[in-house]
Amino acid sequence: MGSRRKQAMKYLIVHAHPSNESFSNAMTERAVASLEATGHSVIVSDLYRMQFDPISDRRNFSSVLDSQHFDIQLEEKHAAANDGFVAKISDEMRKLEWCDVLIFQFPIWWLSVPAILKGWIDRVFACGFAYGGGRHFETGIFKGKRAMCALTLGGKVENYRDGSTYADIDHVLYPIKRGVFEFLGFTAVDPFAVYAPTRMTDAERADALDDYAAYLLGLAGN
């Protein structure tokens, strides 16, 4: 008997880097090329190219629950029930519903994500759509989907070890892993981190991209 055909998967990459010449950009390009070449589907939300507004306020909504007092969670619940999110937000929500795997691609800035990505999290993972009504963790709305961080760091790997300059990368990413991915029901996949790519040789950067492609294809079962 022939081998069973691998199931095609759908990937959403939320890309947050302002430079097209960055290694983060090279990682996203390689991810798209490798996944699509093996039959998977990929959508990229390139937040800087989209000029995504990170500020979460009444601009999130085309609907209004209370014009006098602004409670963002109550407005989110109302919008979720009444198709009341503006198109730029609802488009991102539809991408999340579509995907099997969510990837955050970003550089570590100040031991966190760029503000534009944090704003995407704040605006798109809205109450009533992404959580609420007791739906979180094991009963989360995105249960059955996977999520991961693909990231670059300015420091070398030895700087991100317990007892070194900074904490281990799993500790640095805990707010995303536990506070975002797992809270919403995603299965959090181990991150893929590239340390100090600007200090690498061209050959080392090429190897890192090969390793990243292999990692993603391994997740996909290819």
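Student: How much area does the protein chain expose, and what share of it do carbon and sulfur atoms supply?

Tutor: Accessible areas come from the Shrake-Rupley method with a 1.4 Å probe. In this case the protein chain exposes about 11,500 Å², and 51% of that is supplied by carbon and sulfur atoms. The model is predicted: local features need pLDDT of at least 70, side-chain atom pairs count only at pLDDT 80 or more, and totals for chains, interfaces and linings use all residues. Residues are numbered from 1 along each chain as its sequence is written, and side-chain values use heavy atoms, without hydrogens and water.

Student: Which secondary structure elements does the protein chain have, and in what order do they run?

Tutor: Helices (H or I, at least four residues) and strands (E, at least two) are DSSP runs, numbered from the N terminus. Here there are eight helices and six strands, in the order β-α-β-α-α-α-β-α-β-α-α-β-β-α. The radius of gyration, taken over C-alpha atoms, is 18 Å, close to the 17 Å from the globule rule (2.2 Å times the number of residues to the power 0.38) for 222 residues, so the protein chain is as compact as a globular protein of that length.

Student: What percentage of the residues is buried?

Tutor: Buried means under 20% relative accessible area, exposed over 50%, and partly exposed in between (1.4 Å probe, protein chains only). Buried residues account for 45% of the 222 residues.

Student: Where is glycine 218 found?

Tutor: Glycine 218 belongs to helix α8 (residues 202-220). With a relative accessible area of 47%, glycine 218 is partly exposed. Its C-alpha atom is separated by 21 Å from that of tyrosine 195, 23 residues apart along the chain.
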